[in-house]
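Visitor: I would like to understand how the labels in this structure are earned. Could you walk me through the reasoning?

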Amino acid sequence: MTGTTPGSRLDLRRYARTDVALRTPVGYADYKSTGLRAPLRTPVDLPHRLTEVTGPLLGEDRVTAADADLTKRLGGEAQGQRIIVHGRVLDSDGRPVPNTLVEVWQANAAGRYRHVVDNWPAPLDPHFDGLGRVMTDDQGRYEFTTVKPGAYPWGNHHNAWRPAHIHFSLFGRAFTQRLVTQMYFPDDPLFFQDPIFNSIPEGARHLAISRFDYERTVPDWALGFQWDIVLRGAEQTPFETEDDGDVA
Ligand SMILES: [Fe+2]
């Protein structure tokens, strides 16, 4: 950032907060570990200032095309059902968000993460690290090639299994537009007993489930799933006004 402080030219009211009633709670009794990390008191909404309404400067040159293909790692191909996961990142007005970093992490086809604390007896895949990232294009589109993650057990309750899911992290045009979430697959039989999925208000759960996309399926190669992501955020972003050029 250079020149005059742009904060005085930003209309902070454009960064409307989501209705409290529509937020997924940070504490959810059935999701036991939230009892240790969720605030017990009602959070205080602090005013949005320059730090909250300006965005990360990540740079496309740090992300390569290979980062979007999780099936080819460490000199070989991953085991499992090959899938293409694609969609668009949209702001709260339905407009595409270009040049935003989309990062994913997931378990392998057997349901195991390549992580030191994941040691349940499912096989690791020597050619799958479960990590990917991509920048959205000028239409807000992203696409990954990966394998469908397996379900895995966890200690939340008796016979607890996570539905198949892919973790997503996104940055929008402002730090307050960071979103960390999970994408699910249609008709997963494990939804009913998963407190993470069910902590989402019932009317919003469908927004976390991808759509099987036969049109994007590649014959003799991979199945397709489509999932659009809507970031909380501005009615009109600062980057689209001429005054805000020095913010970017
Ligand atoms: Fe997970």
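**Labels and their reasons**

Guide: Gladly! Let us start with R82 and E77, whose side chains meet in a salt bridge at 3.3 Å, N to O. Please keep in mind that this is a predicted model.

Visitor: What makes the pair R82 and E77 a salt bridge?

Guide: The cut-off is 4 Å between a side-chain nitrogen of Lys or Arg and a carboxyl oxygen of Asp or Glu. R82 and E77 have an N to O distance of 3.3 Å, so the pair qualifies. A search of the whole structure finds 8 salt bridges.

Visitor: Why is E77 called partly exposed?

Guide: Its relative accessible area is 40%. Partly exposed covers the range between under 20% and over 50%, so E77 belongs there.

Visitor: Which parts does the salt bridge of R133 and D67 tie together?

Guide: In this salt bridge the closest N and O atoms are 3.3 Å apart. R133 lies in strand 5 (residues 131-135), while D67 sits in the loop between helix 2 (50-53) and strand 1 (72-73), so the bridge links parts 66 residues apart in sequence.

Visitor: How do you know that D67 is buried?

Guide: Buried means under 20% relative accessible area. D67 has 18%, so the label fits. Its partner R133, at 32%, counts as partly exposed.

Visitor: And why is T217 called buried?

Guide: T217 has a relative accessible area of 17%, which is under 20%, so it counts as buried. T217 is found in the loop between strand 11 (211-212) and strand 12 (223-226). Residues up to four places away in sequence aside, T217 touches F212, A222, L223 and G224.

Technical notes. Residues numbered from 1 in each chain as written. Predicted model: local features only at pLDDT ≥ 70, side-chain atom pairs only at ≥ 80, totals over all residues. Heavy atoms only, no water. Helix = DSSP H or I, 4+ residues; strand = E, 2+ residues; numbered from the N terminus. Buried < 20%, exposed > 50% of the residue type's maximum accessible area, 1.4 Å probe, protein only. Contact = heavy atoms within 4.5 Å.
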